[in-house]
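Subject: Structure handover

Hello,

Here is the structure I promised to pass on. Please open it beside this email and follow along.

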Amino acid sequence: MAGITQEDVTSALGSAAETIDGPIIDYITGILSDSSSANADELYETLSSFLPEDLSEKEGLEICSRLAKLLISEKTSNVSTPQKETFKKLDAPIKIDEQAKKVEQQVKDSLSWMDSDKVIYVYNGDTAPSSAQRKIKKQPVKPVPKKVVENTIEQFVLKRESFAGASKDLRLQNFDVQIAGKTLIKDADLHLLTGRRYGLVGRNGYGKSTLLRFISTGELPVPPHIQILHVEQEVVGDDTLAIDSVLQADVEREFLITEEKRLLSVTPATPKVNEDLLKVHARMSEIEADKAEPRAAKILAGLGFTQEMQRSTTKTFSGGWRMRIALARALYCQPDLLLLDEPTNMLDIKAVIWLSEYLKRWKNTLLIVSHDRDFLNEVVTDIIHLEHQKLVAYKGDYDTFQKARSERNRNQQKQHEAQVAHRAHIQKFIDRFRFNAKRASLVQSRLKMLNKMEVVSAVVEDPTITFKFPEPDDLKPPIIQFNDVSFGYKKDKILFPLLNFAIDMESRISLVGSNGQGKSTLLGLLSGELTETSGYIFRNGRLRIAKFSQHHVDQLDLDITPLEYLSNEFPGLDQQLYRSQLGAYGISGPLALQKIETLSGGQKSRVTFAYLGMRKPHLLILDEPTNHLDIETVDVLAMALNNFTGGIVLVSHDKRLIQLVCNELWVVENGRVTIHEGDFDSYKLKILKELN
C-alpha cells in the first residue's frame, strides 16, 4: 500500500484539506500506508482528532469513506497472479549469521526515529501498546508518525505545527482496567474535555491511582499529540539545584539554550548559522524564555521553597520536598493533561492554599485524585465517581456531586421498589391463570412483558465504617504544661528558644504553619519522644498519650496480621476483643487475618487507629492522619474525634478536618507558638495576603 500519496489523501479530504497543515496530511498518509483496515468507521475513530473541529460527524465519515475506498483500490491493484517458483544455483554459500546481523541492523535503522535522545518531546502513547496489554475493547490501536526530523530547530517547528489544530480532548470508550488478574474497572467510558478540571473520587482500593497510571503509561490508547504528566515519583537527589531541576523540565527551552551556545561558538558564522540563530532567538522570544526563571521561582515559592532552598541541590532535600519539586516541574511545564494523585499529602496548609488558588486558574485539562473535600470544592469543575467498577460523571464540585448522587440514588431506589411491586403484580396474574386456557394469550403477553422489562437494580451502598475512641477517665487540668522550655537538635542551634503553654482534656488544637517550622518537633516534645534542651515539661502522672504519624504506620511489622499485631502489643487479652477492636475501625473478616504488607495505605492507617484506641488515651496527638484515607473515612474520623472526650492536638493539611474538630489555631513560626485570633477562614485570608 505504499502507492498511496499525499496527493491522493489531499484529494480524498476535499475542501477540508485547506485547513489541515501539510505535516498532518503527511501523517495521515503514513497511517493509511500502515493500516490493515478499510473500514470507514474504524478510520474515523483513528483520524477524527486530526480533522477540522468544525466538521460534523457525517462529514468526517464521508471523508473516511473516501479514504477507505483508496485503501481498497490500493489492495486490489497490489493483487497479482502467483508466479511459478524457480530455483537457481547459488554462486557462493550464504552465511546465515551474517545475514541475520544485517537484517537486525536494518530493523534498528528503521526504528532509529524512536531513540530517546532524538525525540525531544515524549508524549505518552508514542509507542502504542497491543490490545492485549491494554485490555481494551472496540478501540483501534492508533499508529504513530514515522517521520521525525533530527535534533534541530526545525524539529520543534514540525512538532509544534504538526498538531496545532488537533483536539486535546481525551475520549476513552468501553475499556477495562485489570491488575494482577483482578478487574477494577469494566466497560467504562472516560471523556476529559480541554480546560475542565476533574476530581476522581471513590473508596480506597477501587482503582483510582491505577487508572491514572494506565492513562500515563499508555496502557490506555491516548492520542500521541496529547502531552501528559503524571506526578507520581520524586525527583532524583543529585547536584542539580532545585530551580534548575524545574527549568530543565522545559526540554524545548533547554534545547534552544544549548543550540544558541553551539551556533554562537561557530566561527566563522555562515549564512546558514545566522539564519538558524535568528530562528532560535525568534522561538525563545515566542515562548518567553527570559521569563522562565522568575516563573519557576514563583511556583517553588508557592510550594514553600525559600530563595536559599531554591539554590540548594536536590540531594539535600527529603523525599517529601523532592516530591514538591516534581510537582513544581509539572506545573511549570503546563502539559495538555496533568494527573495529580493526592497532591496535598506532601504539603502543609499554607502550600495547599497556594496550590488550590493556582489550579483554579489552570487552563489545560486536570485530573486529580484527592481525599480533601474542600480542596476539590475549590479546584474542580467536574467529579468522576468510581463505584462498582464503573465511572459516572457529574457536573460541579464535590458538594454538588454529593447532592446529585444522593438524589440519583433516591430516584433509582424508588424506581426499583415500584418495579418490584409491578413485577409482583404481573407474576401474581401469571401464577393465577397459568393453567387457564381462556387466559393463555394474556399470560403469554405478560410473560413477554416481564422478559422485556429492563431491570432497575436496587441501590447498593458501600459498607459503612465507624471509628470509636474509648472514653478516658477524667484528669485535672493541665495534663501537660510547658514552663520556659527551649529545644534544639543541636545546642548551638535552638529551634524553640522559649515555650510557655498548657493543654487540658478539653483542648482541641490545630498546629498550623509552613513545613520546617517545627510542628512535628513540637508534637515530639508533647509525646515525650523528644527531650527539652532546657526548662521543664510537666505531664500528669496518670496521663496516657496516643500518637498517630505516618512514621508509625511505616513501622508496622509487615510480616504479621493485624490480629497478631494487637495481640503482640496488648498480650493476654481475649482474641474476640482484638477482632472487635479491629472491626470497629473497618478491619474485619479476612482483612484481620491478612498480612499487613497486603493491606492498602488506608487500611494500614486504620490498623494504627485501632492500636491507638486500645491505649485508651487521655490525649490524641495526630500528625497528618488523613493521608491515605478516602473522603468517606475522613468524615468518619472527624465524627469519632468530635465524640472523643479527651484532648486533641492535630497537624493536618485538611481544612475540613480542622474546622470540624478544632476550636484553636496555634501558629508555629520563627521559633514561636502563637494563638491565632479568629477562625480558619480568617487565617486563610491572612495567608493569601502574604502569598500575594
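Start with one helix. In α21, which runs over residues 562-569, the buried residues include P562, L563, Y565 and L566. These four cover an arc of only 160 degrees around the axis, so they sit on the same side of α21. A general point helps here. An α-helix has 3.6 residues a turn, so residues three or four places apart point the same way. What lies over the buried residues of α21? Part of the cover comes from α22 (575-583) and α23 (601-614).

Keep in mind that this is a predicted model.

**The whole chain**

Now step back. The protein chain has 692 residues, and 45% of them are buried. Its secondary structure comes to 26 helices and 17 strands. Take the contacts with a separation of 6 or more: 71% of them join residues 24 or more positions apart.

**The cores**

How many residues are in the largest nonpolar core? It has 51. Y565, from the helix above, is among the residues with the most contacts inside this core. So are F467, F469, F609, L620, L641 and Y683. Another core lies apart from it, with 46 residues. That second core includes A242, W321, L327 and M346. In soluble globular proteins, nonpolar side chains tend to be buried together.

Look at F609 next. Leave out its neighbours within four places in sequence. F609 then contacts F467, F469, F548, Y585, L622, P625, L629 and L637.

**Aromatic rings**

The structure holds 18 aromatic pairs. One of them is F469 with F644. Their ring centres are 6.0 Å apart, the planes stand at 65 degrees, and the pair is edge-to-face. The two residues come from distant parts of the chain, 175 residues apart. F469 is in the loop between α18 (440-452) and β9 (480-487). F644 is in the loop between α24 (631-643) and β15 (647-651). Are these two rings buried or exposed? F469 is buried, at 5% relative accessibility. F644 is buried too, at 1%.

Another pair is F482 with F501. This pair is stacked, with 4.4 Å centre to centre and 20 degrees between the planes. It also links distant parts of the chain: F482 is in strand β9 and F501 in strand β10 (residues 496-503), 19 residues apart. F482 is buried, with a relative accessible area of 1%. F501 is buried as well, at 12%.

Which residues make up one aromatic cluster? They are F467, F469, F548, Y585, F609 and F644.

Two arginines also meet rings. The charged end of R439 sits over the ring of F433, 4.3 Å from its centre. The charged end of R446 sits over the ring of F429, at 4.0 Å from the centre.

**A buried glycine**

Find G202 in the loop between β3 (197-201) and α8 (208-217). G202 is buried, at 10% relative accessibility. Residues up to four places away in sequence aside, G202 touches K208, H385, L386 and D630. Compare G202 with H371: they are 169 residues apart in sequence, but 9.2 Å apart in space, C-alpha to C-alpha.

**Cysteines**

How many disulfides are there? The count is zero. On single cysteines, C64 is buried, with a relative accessible area of 0%. C333 is partly exposed, at 23%.

**Backbone details**

Most residues other than glycine have a negative phi, and most peptide bonds are trans. Here are some places to check against that.

- The peptide bond from T267 to P268 is cis, with omega near -10 degrees. P268 is in the loop between α10 (251-265) and α11 (271-286).
- The bond from P477 to P478 is cis, again with omega near -10 degrees. P478 is in the loop between α18 and β9.
- E288 is not a glycine, yet its phi is positive, about 55 degrees. E288 is in the loop between α11 and α12 (292-302). It is partly exposed, at 41%.
- D484 also has a positive phi, near 50 degrees, and is not a glycine. D484 lies in strand β9. It is partly exposed, at 49%.

Over to you.

Best wishes

Definitions and conventions
Residues are numbered from 1 along each chain as its sequence is written. This is a predicted model: local features need pLDDT of at least 70, side-chain atom pairs count only at pLDDT 80 or more; totals for chains, interfaces and linings use all residues. Side-chain values use heavy atoms; hydrogens and water are left out. A nonpolar core is a set of buried Ala, Val, Leu, Ile, Met, Phe, Trp, Tyr and Cys residues joined through side-chain atoms within 4.5 Å. Buried means under 20% relative accessible area, exposed over 50%, partly exposed in between (1.4 Å probe, protein chains only). Contact means heavy atoms within 4.5 Å. The arc is that of the directions from the helix axis to the C-beta atoms. Rings of Phe, Tyr and Trp (its six-membered ring) pair if their centres lie within 6.5 Å; planes under 30 degrees apart count as stacked, over 60 as edge-to-face and the rest as tilted. A charge sits over a ring if NZ of Lys or CZ of Arg is within 6 Å of the ring centre and within 35 degrees of the ring normal. A disulfide is a pair of cysteine sulfur atoms within 2.5 Å.
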